[in-house]
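Dear colleague,

I am passing on a structure that I would like you to look through, and below it I have set out what was found. Please keep it open beside this message as you read.

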Amino acid sequence: DSVKMMNDTNEVKIRVQEKFVVQITPSFKCNGVWPRSAAHWPQMHNAWPHPSQAAFVKTEGFDLLSKDSLILQGKQSMEGDAWIISFKEAEKQLLMGASRKRCLSILKTLRDRHLNLEGNPVTGYILQTLLMYECEKHPKEEDWMEPTVGDRIAGLLMQLISCLQCRKCPHYFIPSVDLLKGKSPSSMDKASKATWNLMRDLITNSKAFETL
């Protein structure tokens, strides 16, 4: 009785002692292939990532996860089943080196403390996506050394404000996928305002990272 299968979802979920929910997601590794939906990546005119790094990332491939489709949610069970493409390993490879991971860690901490709002308009994955776009804008390794971390975070927060105001945040590998789809306008407005207040504190207070 302490472990029960949940039957109100197409995904495999188990409730433990009425306190915890464990989700089991089947995953298939697709090595040596790259999805056609992301065939345009990387753009030839971009200096980041380096061609050799991009080639390695593509060789590593992607994962297929069995998850409910948000688009088909609410329809009959078989129609709602879907395979979701995951670029987790590719993203991990791209963010290696310099202070990229440190930037992401700081951003996630700022998100948890200041942008954890109702409706979850700002997710950790959105921040990671914007970080990769910021890498394209600043492709050199010296652009991501410790003294430049503040500038990179400020630039990324400006990107976030723009996305929230425009109501759109394109997926890094598949830009036709909008990461803000389904978020309410009011939650995005609140997040935009909160991000701007955070940005203002970072600009006007030289010791902001010590207190925020």
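Does F28 count as buried, exposed or partly exposed, and at what relative accessibility? The model is a predicted one, and in it F28 has a relative accessibility of 47%, so it counts as partly exposed.

F28 also belongs to one of the aromatic pairs, of which a search of the whole structure finds 10. The ring centres of F28 and W83 are 5.4 Å apart and the planes stand at 65°, and therefore the pair is edge-to-face. This pair links distant parts of the chain, since F28 is in strand β4 (residues 27-30) and W83 is in strand β6 (residues 81-86), 55 residues apart.

Another pair is formed by W34 and W41, whose ring centres are 5.7 Å apart with the planes at 35°, so that this pair is described as tilted. W34 is buried at 16% relative accessibility, and W41 is buried with a relative accessible area of 2%. Both belong to a cluster that ring pairs hold together, made up of W34, W41, W48, F87, Y133, Y172 and F173.

A ring also meets a charge in this model: the charged end of R152 sits over the ring of W144, at 6.0 Å from its centre.

Turning to the cysteines, the count of disulfides comes to zero. C163 is in no disulfide, because the nearest cysteine sulfur, that of C169, is 4.2 Å away, whereas a disulfide needs the sulfur atoms within 2.5 Å. C163 is buried, at 12% relative accessibility, and C30 is buried as well, with a relative accessible area of 17%.

With best wishes

Terms used. Residues are numbered from 1 along each chain as its sequence is written. This is a predicted model: local features need pLDDT of at least 70, side-chain atom pairs count only at pLDDT 80 or more; totals for chains, interfaces and linings use all residues. Side-chain values use heavy atoms; hydrogens and water are left out. Buried means under 20% relative accessible area, exposed over 50%, partly exposed in between (1.4 Å probe, protein chains only). Rings of Phe, Tyr and Trp (its six-membered ring) pair if their centres lie within 6.5 Å; planes under 30 degrees apart count as stacked, over 60 as edge-to-face and the rest as tilted. Helices (H or I, at least four residues) and strands (E, at least two) are DSSP runs, numbered from the N terminus. A charge sits over a ring if NZ of Lys or CZ of Arg is within 6 Å of the ring centre and within 35 degrees of the ring normal.
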